[in-house]
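Colleague: Could you take me through one part of this model closely, beginning with a single residue and its strand, and then connect that part to what surrounds it?

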Number of protein chains: 2
Amino acid sequence: MATLSDVARRAGVSPATASRVINASSKPVTDELRERVLAAVAELQYVPNAHAQLLARSHRSAVGVIVHDVSDPYFAEITRGLQRVATDHCRLLMICNSYRDPDRELEYVELLRGHQVAALILAGSGYHDETFTRQLNGKLAAYEATGGRVVVIGRHEHSGDAVMPDNRAGGYLAGRELCGLGHRAIGVIAGPRILTTTTDRLAGLRQALTEQGRELPERHIRYAEFDRDGGAEAAARLLDAAPELTAIVALNDSMAIGALATLRARGLAVPRQISVVGFDDMPIARDVTPALTTVRLPLVDMGVRAMSLVLAAEVLTPRVEVLPAELVRRDSAGPVPPAARATAGFAPRAGRGDAVS
Amino acid sequence: MATLSDVARRAGVSPATASRVINASSKPVTDELRERVLAAVAELQYVPNAHAQLLARSHRSAVGVIVHDVSDPYFAEITRGLQRVATDHCRLLMICNSYRDPDRELEYVELLRGHQVAALILAGSGYHDETFTRQLNGKLAAYEATGGRVVVIGRHEHSGDAVMPDNRAGGYLAGRELCGLGHRAIGVIAGPRILTTTTDRLAGLRQALTEQGRELPERHIRYAEFDRDGGAEAAARLLDAAPELTAIVALNDSMAIGALATLRARGLAVPRQISVVGFDDMPIARDVTPALTTVRLPLVDMGVRAMSLVLAAEVLTPRVEVLPAELVRRDSAGPVPPAARATAGFAPRAGRGDAVS
DNA sequence: TCCCTGCGGGAAAGGGCTTTCTCTGCGGTA
DNA sequence: TACCGCAGAGAAAGCCCTTTCCCGCAGGGA
């Protein structure tokens, strides 16, 4: 591997001069020397050692990002937003997948700190876990104490800057929509209990139902992994336990797609027999059949805002940007089936067999 | 930011000893000093500077990966395979998205080389572009000359180790399936012409049709971006120009999903009026409606093999592993509609209106 | 008692680059 | 002619670690 001094020797100049040419330094270098250096670089196929450079300049420029999984559409969209702003500012991103493992998350904070990132962005739900939260905040505080900037996306537990999707309002929207369509027996397939995203969305949903005089008993909720298979499996369990349901809210679109698969396998027509509402509005939502009625979160924008916050000058009072959720009506949610409506007031637990011709 | 000598000073030992404790070196250190160092580390929240470490040990360990886009399911699956093996070998991955921009690809080769990666994996189609290919090979050769290992996934143009999905055989499979179902008027929505993946898949498809006495005239092919919107748009153009088609092969699943959307918008029933076959079998393929009949590529396995190759000892003769494609029958391809079959021999250009009741 | 061995620790030499500081030599001014 | 100033190049001091080499000391064998 050729080094800078190899280049310098070959060009017959000092390493200092070679460095200045290569980095287009402001210090002037005569054209002749410049040419010789450039020629040497080309001949030797010289590429500067990034670690040595990063060590020598104390200039921190990269930004660290910790997400659940970049290939999960939710995070892919957020990352797209982050990337866009980062590119505009000539910042490199170091993206790490935590796979929702708190320990891994902690490790990555250290790893990124060790890599001297200028800032840290944590995207994705927080955990209902005191110990973990304390540890994470400790590490983040230590990082901030050394001049690092931190922004979280969708987490309450951090005290600094944050970009927050309005999960609670989104849950409320989903609930109100279904109530408006006449549904009374509404079930939920939810992500892991330990995630604050799950509880926030659930809280909003519950509020909507309560306001409309409905209930959301615990037997109408099933918790599972926040992905397609989790949704499929939770939907099966839910339907087994509560066949009278006329609507299901999935707490993210991946789960909704899994639920749709279960429903299809059981021969239940959506939305004629049972309605489904998703959450997030990831790109594929419009391409499944029936196209998913869902709660849209401005995912790309969340990324854009977070990166803008993190690159902006630090201000004293923490900034929290709450981004609104919005209902997107497509084809997976419809009016409650007539049979269910007729009996709803009197026999809310009527079996599915009753509600369907 | 605390440094190693801060820790050493605080613990009252030399930096050498501190380093040995922190890195669990084989050189013995008395328990008392060890404890003092550990205590200092904890108090100072010390995290070693990764760049300094990487510079000091000449040990290269990370592996660089260049893909089109990690959040594209095709590459997400490959990356999953890469990651699995890398994790087993305690290797860090540096993943870069080229977004199919040749210049960016070249830049990333340099960037990763600068970051002293132990190996480089390039995943994704090659380009029909002499100049670019020569440049890339030049850079890769320079990298290999300094001891770097290179493996490509799905590219012919590199002369070293490679993992190759059998794109041609896959195209053949798709063609044979549709011929077997009686289709004669088969259209193709293809990715960009400049990609070797496109031409390989197309070649296999054409071979199948030719063997069955069918043709694949250029007017039955439309080229577009290799994504959902490209597929939707290409399908529209194709249908406008050749309404007599009874089957469409999309050269990847994303395009197929876009095509499905166009077909739905136009009120064309799949597969009753028109059949669709995809390519890749990405996870979502089974969840769209109708579930996609497609050509499966062992994407995760491709990643696993590539990473295994790259981490294995170098051998003199380049290894090329060709991984087979496989047809997955689902619901989007069916027999040619009766009307089309009846008239096929005589009026192959019968309008769509004729073929459909 | 002396020497050798080996253990535990520190000094110091890199690793490859950036950047400040220093030096040389030339042109211009008094 | 003497001096000042400045442009352009190089010397060298870090940046923060790892690791080799060396040293002192204690214990064991002769």
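Modeller: The residue to begin with is A:Asp280, which lies in strand β9 of chain A. In this predicted model, A:Asp280 has a positive phi of about 115 degrees, although the residue is not a glycine. That deserves a remark, because most residues other than glycine have a negative phi, and most peptide bonds are trans.

The loops on either side of β9(A) hold further backbone features. In the loop between α11 and β9 (275-280) of chain A one finds A:Pro271, and a cis peptide bond with an omega of about 5 degrees joins A:Val270 to this proline. A second proline, A:Pro290, is found in the loop between β9 and β10 (293-296) of chain A; here the cis peptide bond is the one joining A:Thr289 and A:Pro290, with omega about -10 degrees.

Helix α11 of chain A, which bounds the loop of A:Pro271, also leads to the partner chain, since α11 (253-265) is listed with α4, α5 (73-88) and α6 (102-114) of chain A as supplying at least two residues each of the side that touches chain B. The contact as a whole takes 27 residues from chain A and 26 residues from chain B. On the side of chain A that touches chain B, the largest share, five residues, comes from α4(A), and by class that side has 14 nonpolar, 10 polar and three charged residues.

Helix α4(A) in turn leads to the DNA. Around DNA strand C there are 28 residues, the closest being A:Thr3, A:Leu4, A:Ser19, A:Ala56 and B:Pro28, and the elements giving two or more residues to this surface are α2 and α4 of chain A together with α2 and α4 of chain B. The largest share of the surface near DNA strand C, five residues, comes from α2(A), and by class the surface has 17 nonpolar, nine polar and two charged residues. DNA strand D is surrounded by 25 residues, with A:Pro28, A:Thr30, B:Leu4, B:Ser19 and B:Ala56 the closest; the elements that give two or more residues there are α2 (15-22) and α4 (50-56) of chain A together with α2 (15-22) and α4 (50-56) of chain B. For DNA strand D, the largest share, five residues, comes from α2(B), and the classes are 15 nonpolar, eight polar and two charged residues.

Chain A also contains an open sheet of six strands in the order β2-β1-β3-β4-β5-β11, with parallel pairing. Because β2 (93-97) and β11 (320-323) of chain A stand at the edges with a single partner strand each, one side of each is left without a neighbour in the sheet. From one strand to the next the twist averages 15 degrees. Within this sheet, strand β1 (residues 63-67) of chain A and strand β3 (residues 119-123) of chain A pair in the parallel sense over four bridges, and the bridge partner of A:Val63 in β3(A) is A:Ala119.

In chain B, finally, helix α8 (residues 167-180) and helix α9 (residues 196-211) pack at an angle of about 40 degrees with their axes 6 Å apart, which makes α8(B) oblique to α9(B). The crossing of α8(B) past α9(B) is right-handed, and by class their contact has nine nonpolar, seven polar and four charged residues.

Notes: Residues numbered from 1 in each chain as written. Chains lettered and ligands numbered in written order. Predicted model: local features only at pLDDT ≥ 70, side-chain atom pairs only at ≥ 80, totals over all residues. Axes fitted to C-alpha atoms, helices over the stretch in contact; angles between N-to-C directions. Parallel < 35°, antiparallel > 145°, perpendicular 65-115°, else oblique. Left-handed = near helix turned anticlockwise from the far one by under 90°. Nonpolar A, V, L, I, M, F, W, Y, C, P; charged D, E, K, R; others polar. Near = placed C-beta within 6 Å. Pairing = 2+ DSSP bridges. Contact = placed C-beta atoms within 7 Å.
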